[in-house]
Amino acid sequence: MSSSPNSSSSDARLTDLTPLSDVVCQVEVMLGAAAMSVRDCLALRRDAIIRLTKVAGGDMQVIVNGIVVAYGEVVILDESTAVRITELVAPPSNEVGE
């Protein structure tokens, strides 16, 4: 039985990553960003509003160990907030340690 070249190479990559499957990664979701002066930061109080550069309703960046890996949208799951992945980002380099 033969398999397609793409599936065998991706299967090999998954097998090669098996020892890493329990490694913990830092995952961040970037809602937006803002630039503020120190004066404005010191003036922050409860109920203050910080205007972000992100457009309302836009996808957020999903960042793993400092690298953007996906985009997603906020969803409410039971009583917690979560992110639904809407798009995966191509890895920075498609070369695997050659």
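The chain has two helices and four strands, where helices (H or I, at least four residues) and strands (E, at least two) are DSSP runs numbered from the N terminus. Read from the N terminus, the order of these elements is α-β-α-β-β-β. The structure is a predicted model, in which local features need pLDDT of at least 70 and side-chain atom pairs count only at pLDDT 80 or more, while totals for chains, interfaces and linings use all residues. Residues are numbered from 1 along each chain as its sequence is written, and side-chain values use heavy atoms, with hydrogens and water left out.

Some totals describe the chain as a whole. Of its 98 residues, 6% count as buried; buried means under 20% relative accessible area, exposed means over 50%, and partly exposed lies in between, with a 1.4 Å probe and protein chains only. The exposed area of the chain is about 8,700 Å², and carbon and sulfur atoms supply 56% of it; accessible areas come from the Shrake-Rupley method with a 1.4 Å probe, and for residues only the protein chains shown count as cover. Among the contacts in the chain with a separation of 6 or more, 26% are between residues 24 or more positions apart, a contact being heavy atoms within 4.5 Å.

Strand 3, residues 67–77, is a convenient place to start. V68 has its place in this strand and is partly exposed, because its relative accessible area is 26%. Not counting residues up to four places away in sequence, V68 touches Q61, V62, I63 and V89. V68 and V89 are 21 residues apart along the chain, and their C-alpha atoms are separated by 7.1 Å.

G72 also lies in strand 3. With a relative accessible area of 0%, G72 is buried. Leaving aside neighbours within four places in sequence, G72 is in contact with D59, M60, V62, V83, R84, I85 and T86. Between the C-alpha atoms of G72 and M60, twelve residues apart along the chain, the separation is 5.3 Å.

E73 is another residue of strand 3. Its contacts, again without neighbours within four places in sequence, are D59, M60, A82, V83, R84 and T86. The C-alpha atom of E73 is 7.5 Å from that of G58, 15 residues apart along the chain. E73 counts as partly exposed because its relative accessibility is 31%.

The side chain of E73 meets that of R84 in a salt bridge, at 2.8 Å from N to O. This pair links distant parts of the chain, with E73 in strand 3 and R84 in strand 4 (residues 80–88), eleven residues apart. A salt bridge here is a side-chain nitrogen of Lys or Arg within 4 Å of a carboxyl oxygen of Asp or Glu, and by this rule the count comes to one. R84 has a relative accessibility of 46%, so R84 counts as partly exposed.

G72 and E73 both appear in the lining of the second largest pocket, together with L31, L52, K54, V55, A56, G57, G58, M60 and V74. A pocket is found on a 1 Å grid over the protein atoms alone, as an open set of points where a 1.4 Å probe fits, with protein on both sides within 12 Å along at least five of seven lines; lining residues have an atom within 4 Å of a point. The volume of this pocket is about 150 Å³, a volume being the space filled by probe spheres set on the points, which are joined across faces, edges and corners. Strand 3 gives the largest share of the lining, three residues. By class, the lining has six nonpolar, three polar and two charged residues. In this scheme Ala, Val, Leu, Ile, Met, Phe, Trp, Tyr, Cys and Pro count as nonpolar, Asp, Glu, Lys and Arg as charged, and the others, Gly among them, as polar.

The loops remain. T53 lies in the loop between helix 2 (38–42) and strand 2, and is exposed because its relative accessible area is 66%. The C-alpha atoms of T53 and A34, 19 residues apart along the chain, are separated by 6.0 Å.

Most residues other than glycine have a negative phi. N65, in the loop between strand 2 (60–64) and strand 3, has a positive phi near 50 degrees. D78, in the loop between strand 3 and strand 4, has a positive phi near 55 degrees. D78 is exposed, with a relative accessible area of 76%.
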